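Subject: Structure handover

Hello,

Here is the structure I promised to pass on. Please open it first, then read my notes below.

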Amino acid sequence: MKPDEIQLKQASRATLYSLLNLTMLPIVGFISLCLLYRKTTSNTIDRYYVLLGIKTNLYAAAALFLVTALMIFMGGFESPWTWVYVISYFVFVHALFILFATWSMVRSWTGEKLKRSFLSK
Amino acid sequence: MRETFTKGMARNIYYGGGVFFFLVLIGLTVDTVKGLPATDNSENITEQVAAGKRLWEINDCIGCHSLLGEGAYFAPELGNVYTRFGESTEAIKAFIKYRPVDGVKGRRSMPQFNLTDEELEEIAQFLKYVDGIKTARNWPPNIQG
Amino acid sequence: MMKYESQGIAKMYFIAAIGLFLGQILFGIIMGLQYVMGDFLFPEIPFNVARMVHTNLLIVWLLFGFMGSAYFLVPEEAERELYAPWLAKLMFWIFLVAGVLTILGYLLVPYAKLAEITMNDLLPTMGREFLEQPTITKIGIVIVVLAFIFNIGMTVLSGRKTVINLVLLTGLVGLAVFFLFSFYNPDNLVLDKYFWWFVVHLWVEGVWELIMASLLAYVLIKVTGVDREVIEKWLYLIVGMALISGLIGTGHHFFWIGTPDYWQWLGSIFSALEPIPFFMMTLFAFNVVNKRRRDHPNKAAVLWALGTGVMAFLGAGVWGFLHTLAPINFYTHGTQITAAHGHMAFYGAYVMVVLTMISYSMPIMRGQKAANERAQVFEMWSFWMMTVAMVFITLFLTGAGILQVYLQRYSENPESFMVVQDKVAMFYWMRELAGLVFLAGLLLYIYSFFAKGKEVEFVEE
């Protein structure tokens, strides 16, 4: 089924929100994604990208905050080594999520799914 | 990119934005240069200090050290070395003067530059002048530089 | 298969660029070792000499790369032969001889002696970071660059004026104009530093971005077949954002050098925007490759183009933002964090864009549309080796930097510089290993030009 105009628009909006949530508007972007979810129907490209965005951001939250918290918990707040790991890890992995979200956005603009989707079915 | 956003608009952002912010930079530069005497310690630039700066340059000190945080990161920051050495130009001179010619085994070592006593004094005076520059928040954060 | 014969002049420029690149990396390896074995090659090649060679070779080979790229791209865009091919060839030899002599000067005589021989006293410009070249060399650079811009400018102005050509030309003119500040060297250190950045910052975070973006746009048009209108719009926006953020963004260098406090705000705010043009380059490269109308047989060039977008964003954008805000920079200024950023930014933005141009144009100058399959496989391996090695170099230097900041600057009992250096030595060892992988990647890259194999098949458009 070829996606219609509105679905395409919503798909690119979804990936934009996902990217914004990872960068300038954390939380706001995620809420927008959840609200957008209600406007989509199953088996459409916009639903696909809303779900991808939600999953990406949940994974990112886990990978960034959970792992970072764990590092701080295990390494101790006062140890310089904790910060060596936390900062390098956070910056690098965060950037990888941003790059992934960027690629998703570019794909959503042409109305196609990610070629190799490893975060969604 | 949407059709409503034309190439002409993009071009105007480039030329317009470029020219506008370049003019802003020039304006800020004029203001900065005018205000510098309040912080730049220029009242203490003597002939000795100027000669010291030249020595600093022709021996490429910046190739190992940083000065006010700029330069290489192989050897200590020297913007506050005068303070770190107990406000003693003699200590600075002695340090430079007695560097071993063949270095220190296995360690980083400053080369022996064979400076004359006069030159040593000039470079020490230069470093003293740099220490007198009033940096924001009194950078570096502490005496270690 | 070149459309214009004079495009072939680029080849000698690229060969010189790659040769000097190899030299740069060899000296990088030496310096990396000196970080952990302080007496290595001492006193024959002290660290500051090795560093001068390392950074100056980088600048010179990138300039060779930019010039070669311009000579290849401008005639095709302008749809005419180069205005004066003989001038381009003459300037090549002048620049190469001047460059090599300067490097030999660094290596063979003490720097103070070099200053004396070249009569630095007449117009003292030496001994400032990256601008270590003797004054006479600087004058030579000006002459070469002016002749180059004259040549390119006449070609552009009398030919078809594309957006790529015009943006490239403004970038090159900016490069020449801002280099003139290297001749201004007042006794007042604050003034000296302030205008030193007019060369260094306005080059790498200003006009070089224009050059980079136009080269990238050119290669992307060629390898993807995406409509020129679309690409030109992107190009304008990217370079527009580069200037809007980058010009006042110079202020992030005016935090701690005795300049007024308002730079803390201006520098922080505008340089926080500096990742935007680099992010847009990533988006741009991803977008046009995704929308490509053909699969170009030169897969390696496409990989380099995508890699440039990604690595420039990581190195210049992300690692720049990491320490650009004044309250953070207060602690990180002049530490290994700066070195980490510098390495990845230069590699990701400028090294990679030149290699992208070389990857695209070299086969064409050798009479093929793309290198043979085996050569491309080697080239792509070298891409991954160098790029991954650079990511690790950056991560290790970042680790060293964080530890350094904590122990030397942030801790309640700050330790002295050299004590801290010993404590972070493990990171320097790992950086050196990553550097050796980078060198291996570079050697493989050079080998890929000689690798024989099955010619690629493609459908002529």
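**Domains and interfaces**

In chain B, the C-alpha centres of domain 1 and domain 2 lie 38 Å apart. The domain assignment puts domain 1 of chain B at residues 1-38 and domain 2 of chain B at 41-138. Please keep in mind that this is a predicted model.

**Inside chain C**

Chain C also has two domains in the assignment: domain 1 (1-161) and domain 2 (205-450). Their C-alpha centres are 20 Å apart. Where they touch, domain 1 of chain C gives 33 residues and domain 2 of chain C gives 42 residues.

How much area do domain 1 of chain C and domain 2 of chain C bury between them? The value is about 3,200 Å², with 81% of it on carbon and sulfur atoms.

Charged pairs come next. Two salt bridges cross the interface of domain 1 of chain C and domain 2 of chain C. As for a salt bridge to look up in chain C, try Lys222(C) with Glu76(C). The closest N and O atoms of Lys222(C) and Glu76(C) are 2.4 Å apart. Polar contacts across the interface of domain 1 of chain C and domain 2 of chain C come to five residue pairs, both residues at pLDDT 80 or more.

Which helices of chain C supply the side of domain 1 that touches domain 2? Helix 1 (10-36) and helix 2 (47-78) of chain C each supply at least two residues. Helix 1 of chain C gives the largest share, 14 residues. By class, this side of domain 1 of chain C holds 22 nonpolar, six polar and five charged residues.

**Chain C with chain B**

Now look between chains. Here 89 residues of chain C are in contact with 70 residues of chain B. Together, chain C and chain B bury about 6,900 Å². Carbon and sulfur atoms carry 64% of that area.

How many salt bridges are there between chain C and chain B? The count is six. To see a salt bridge between these chains, find Lys193(C) and Glu70(B), whose closest N and O atoms are 3.0 Å apart. There are also 35 residue pairs in polar contact across the interface of chain C and chain B, with both residues at pLDDT 80 or more. The side of chain C that touches chain B divides into 51 nonpolar, 23 polar and 15 charged residues.

**Chain C with chain A**

In this contact, chain C provides 25 residues and chain A provides 23 residues. The buried area between chain C and chain A is about 2,100 Å². Of this, 85% comes from carbon and sulfur atoms.

The rule finds zero salt bridges across the interface of chain C and chain A. It does find four residue pairs in polar contact between chain C and chain A, both residues at pLDDT 80 or more.

Four elements are worth locating on the side of chain C that touches chain A: helix 10 (275-290), helix 11 (299-321), helix 14 (373-410) and helix 16 (425-448) of chain C each supply at least two residues. Which helix of chain C gives the largest share? Helix 14 of chain C does, with eight residues. The side of chain C that touches chain A has 18 nonpolar, five polar and two charged residues.

Best wishes

Terms used. Residues numbered from 1 in each chain as written. Chains lettered and ligands numbered in written order. Predicted model: local features only at pLDDT ≥ 70, side-chain atom pairs only at ≥ 80, totals over all residues. Heavy atoms only, no water. Domains from an automatic or database assignment. Contact = heavy atoms within 4.5 Å. Buried area = accessible area lost by both parts, 1.4 Å probe. Salt bridge = Lys/Arg side-chain N within 4 Å of Asp/Glu carboxyl O. Polar contact = N/O pair within 3.5 Å; in protein donor to acceptor, adjacent residues only side chain to side chain. Nonpolar A, V, L, I, M, F, W, Y, C, P; charged D, E, K, R; others polar.
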